[in-house]
Each structure stands twice: as structure tokens, then as C-alpha cells.
Amino acid sequence: MDGDPLNSLPQDLLIEILLWLPVASLLRSKAVCKLWRSIIQSSDFIRRHATFENSSSKLGDFIFQYRPSHIKDFNYKPYFLLLSSSSREEDYDQWSYKNLGISPHLSDGDDGDDEYDWFSCYPPEASMVGSCHGIICVHDPEPRDIILWNPATKKFRCIPKSLPLLDEFGELQTEFVFFGFDCQTHDYKVVQITFFKIDNEVDITPRNRVQIYSLRSDSWRWCMDANLYGHSHRGSANNQGRYLHGSYYFWGHYFRRNELSYVKQDAVVLSFNFSTESFRMMPGPCGYFDLDAIGGDRGKIVCISTDLSSRTDVHEVYALNDYDYSCNAANADKKEYSWTKLHTFTINHAYGGFGIKAVTKNGECGFLLRRGGGLLVINFLTEEMQDVETIDASVGMVLRADVYKESLVSIDSAVSAQQ
């Protein structure tokens with residue numbers, strides 16, 4: 001292959017060409033020659049490919065966690081599917097679909113057909129907590145397992161158990177896990193927040209402890225600046241949060257007392273910067289909302305109003321503006337921010353609609369769970385709903401979604417230490 005015209009190209013230009021290839025093509029291209037293999041396996045190329053933005057998918061690529069339609073209601077073993085949009089303007093509504101099946105760490109267990117007794121053995125839900133650079137993080141709360149999985153390379157690993165909880169912390173109530181990338185050290189990190197039960201009515205603030213796992217060191221340590229004394233997350237895996245540009249954003253409650261000494265709970269947006277390892281809190285755009293993210297070079301965090309108490313069909317889409325999305329740790333504490341209303345739309349619940357699962361990267365469409373299972377897309381501008389027809393009937397309830405980009409990133413700590 002030394003006489004191949006591509007090998008006569010300057011190496012910088014060859015790298016730019018290879019960045020546009022999908023993972024499957026890159027894996028095959030390693031056999032072309034030693035030069036190509038060394039480029040594709042280099043930590044710098046893997047990192048650039050994982051963060052490279054291209055126009056191959058018009059509306060974005062997504063990973064969905066679902067429960068197959070044949071499985072009983074109370075079985076929560078996670079199954080996954082990938083959905084990618086067409087790059088052609090005339091195929092705006094065309095989607096390609098790939099069923100990934102059950103989470104790999106559960107593949108050696110039973111197939112989920114057993115019927116559970118709701119009252120005696122209700123199983124906690126193993127769920128996807130997020131996607132970052134092609135790596136999926138799955139949290140299995142009953143054994144307290146956390147799994148990192150790269151569907152493109154078909155590799156996964158169960159990371160070490162977190163640090164033991166001391167008796168003085170109290171009785172464990174729930175744990176919240178999220179995952180992302182430290183842009184300063186090029187390290188992937190998992191954060192685990194453990195909430196403990198409140199013993200009395202005077203102490204209104206949920207007690208918690210925060211741990212951080214580093215893929216580079218393959219070890220856990222306590223977070224030194226948790227700053228979670230006044231707020232907590234919402235205990236729901238359906239809308240856990242979103243990673244974007246070096247920070248993880250999630251929904252929370254802020255606990256305070258008003259002038260009459262009554263407890264007041266405000267819905268807030270919480271963020272964690274993986275470089276500074278610190279939390280921020282900001283008021284949300286409305287009283288009750290779900291979080292999402294628009295991908296791309298100018299990505300934004302998006303909030304969608306979901307006022308369940310009023311049972312309204314009208315929803316509003318807000319984008320977080322004037323915020324530092326740059327991965328620059330020096331500017332991570334920038335205080336300026338504002339919300340801009342992008343769209344107002346109405347969901348026809350006779351057809352479907354149980355909350356938006358994900359928003360396309362142009363911010364104009366969202367995915368809904370269709371009644372009876374499967375997915376449909378709603379256009380926020382026209383309020384038109386369309387079925388994602390490529391998905392087969394075996395896909396039942398969709399529980400969780402996130403943006404996705406396949407990558408070559410390794411989940412082996414020894415390799416990742418150099419990436």
C-alpha cells in the first residue's frame with residue numbers, strides 16, 4: 001500500500017480526512033498500512049475524533065434506553081437502541097435504527113421474562129445515566145454497580161466499587177450518578193452523590209456525600225467541594241441530566257425557609273464542572289421543567305416546561321444563554337446567564353406524549369413516547385407529530401435518552417490515562 005495516493009498526502013491532511021470516517025470504517029482502515037494504524041490508534045486522534053463535529057447527521061444521533069414490549073411491567077433490565085437522522089435535506093424525516101439489545105453487563109443473566117411480585121421483590125431500575133464521547137454509563141442501584149460501555153467497540157467494564165459509607169453518615173436513601181469528561185486533564189470521571197435519610201423535621205436539607213471516580217487512576221476519592229448543602233436532585237431516571245462541554249447539568253430542588261418559617265422548595269438547574277470539581281446552582285426558567293441539550297459547536301442546555309399539576313398540553317422550550325460552555329476551568333464560575341424562550345408547542349395526548357425524551361441538535365424537534373410503545377417526533381414549530389417508522393414493534397416503553405456520537409475511546413484505565 002506504500003504506493004497508494006492517499007499515503008502521499010501530507011499527514012495533517014490525511015488526519016483531517018480520517019476524522020470524517022465512522023468508527024466501523026476506522027477499525028477496518030487500521031489494516032491499510034502501518035501509518036494509518038499508528039494515526040488511528042494514537043490518543044490524540046481518538047480524542048479529536050470523539051469531539052469532532054460533522055454534518056453526517058442532520059438532526060443528531062441518539063441512544064435510547066427502553067423496555068421491550070414482551071417484558072413484564074416491573075422488570076427494569078435496560079435495553080438500548082441507536083437512532084440516527086439522515087444527512088440529506090429531502091430526507092428530513094428519515095431515521096436509521098440499530099437495536100443494541102440488553103445492557104452487556106446483564107447479558108449473562110435471565111432474559112427478563114420472569115414475572116415479579118410487586119410487593120415482595122420490587123427491583124430497582126438499572127438505567128443509563130448519561131453518554132459522553134461514545135461511552136455509555138449505566139448505574140445498577142441494587143448491587144451499586146456502575147458500568148462504562150462503548151457500543152461502537154463493543155467493550156464494557158464494571159468500575160470498582162465506590163468508597164464504603166460510614167455508619168455516622170446515616171441510613172442510605174438514594175444515590176445519584178453522572179458521568180463526563182474533564183477537558184483540562186483529558187480524564188473521564190464518574191460522580192456519585194449519596195443521599196441519606198433525614199432524622200428530624202428541623203433538618204430540611206438532605207444530607208449527602210459526594211465521591212469522584214477517575215478512569216485515569218481507576219480509583220475513587222471524596223469530593224472536597226461538594227457544596228450540595230441546600231439542594232438535591234429529583235429521584236427519577238427518566239430525566240436524569242445532560243453532559244455538555246465539560247459540565248453535567250441536572251434538575252434539583254433548593255430548600256429554604258421563607259419569612260413564616262415554612263419550607264420552600266424551588267426548582268433549580270444544578271451543574272458540575274469536571275475540571276474544577278465544583279457545583280453551581282441557578283434558578284430555572286419556570287416552575288417545573290425537564291433538562292435537555294442541543295448538540296453541535298454552539299450547543300446549549302435546554303429546559304422544557306412540564307407542569308404536571310395543571311395537566312396542561314402547552315409546553316415551552318427555553319435555552320440557557322450567556323453561560324460559559326467553553327470547558328475553560330478558569331471561567332467555570334462565570335455568573336452571568338439568562339434564559340431565552342425558543343418555542344411554545346402543544347402535545348396531542350390522544351396520539352402520544354409523556355414528556356420530551358431528547359431534543360434534536362437544531363432545537364426544532366423532540367422525541368416522545370408513542371402510546372403503545374415506540375417513538376414519535378414532534379416538530380415544535382408546526383406541532384406536527386410523526387412516527388419513527390424504522391423502529392420495530394418489539395420496542396416498548398422508552399425510559400431514557402441522550403445524545404450519542406460513536407467513538408474509539410477506550411474504557412480501559414491504562415489506555416485512557418494517555419488520552
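**Figure 1. F178 and the residues around it in the predicted model.** Setting aside residues up to four places away in sequence, F178 touches V129, K189, V190, V191 and I193. Its list of contacts also takes in Y248, F250, F272, F274 and F279. Zoom out a little and you're in the largest nonpolar core, which has 59 residues. F178 is among those with the most contacts inside that core, along with L148, V190 and I193. Two of these, V190 and I193, are also residues that F178 touches.

**Figure 2. A second nonpolar core, separate from the one around F178.** This one has 21 residues. Good ones to pick out on screen include I102, C365, L369 and V395. Keep V395 in mind, since S69 is in contact with it in the loop view further down.

**Figure 3. Helix α1 packing with helix α3.** Here residues 11-18 (α1) meet residues 34-41 (α3) at an angle of about 65 degrees. The two axes are 11 Å apart, and α1 passes α3 in a right-handed crossing. From α1, the contact uses Q11, L14, I15 and L18; from α3, it uses L35, W36, I39 and I40. What kinds of residues make up this contact of α1 with α3? Seven are nonpolar and one is polar, with no charged residue in the set.

**Figure 4. The buried side of helix α4.** Helix α4 runs over residues 43-51, and its buried residues are F45, I46, H49 and A50. Why do they end up on the same side of α4? They cover an arc of only 130 degrees around the axis, so they sit on the same side of the helix. Those buried residues pack against α1, α2 (23-29) and α3, which brings back the two helices of the previous view.

**Figure 5. S69 in the loop between β1 and β2.** The loop with S69 lies between β1 (61-68) and β2 (79-85). Is S69 buried, exposed or partly exposed? Its relative accessibility is 45%, so S69 counts as partly exposed. Neighbours within four places in sequence aside, S69 is in contact with A393, S394, V395 and G396. S69 and S394 are 325 residues apart along the chain, but their C-alpha atoms are separated by 5.4 Å.

**Figure 6. The whole chain, for orientation.** The chain has five helices and 24 strands, and 51% of its 419 residues count as buried. Among contacts with a separation of 6 or more, residues 24 or more positions apart account for 56%. The S69 and S394 pair, 325 residues apart, is one to look at here.

Definitions and conventions: Residues are numbered from 1 along each chain as its sequence is written. This is a predicted model: local features need pLDDT of at least 70, side-chain atom pairs count only at pLDDT 80 or more; totals for chains, interfaces and linings use all residues. Side-chain values use heavy atoms; hydrogens and water are left out. Axes are lines fitted to C-alpha atoms, for helices over the stretch in contact, and angles run from 0 to 180 degrees between N-to-C directions. Helices (H or I, at least four residues) and strands (E, at least two) are DSSP runs, numbered from the N terminus. A crossing is left-handed if the near helix is turned anticlockwise from the far one by less than a right angle, and right-handed if clockwise. Contact means heavy atoms within 4.5 Å. Ala, Val, Leu, Ile, Met, Phe, Trp, Tyr, Cys and Pro count as nonpolar, Asp, Glu, Lys and Arg as charged, and the others, Gly among them, as polar. A nonpolar core is a set of buried Ala, Val, Leu, Ile, Met, Phe, Trp, Tyr and Cys residues joined through side-chain atoms within 4.5 Å. Buried means under 20% relative accessible area, exposed over 50%, partly exposed in between (1.4 Å probe, protein chains only). The arc is that of the directions from the helix axis to the C-beta atoms.
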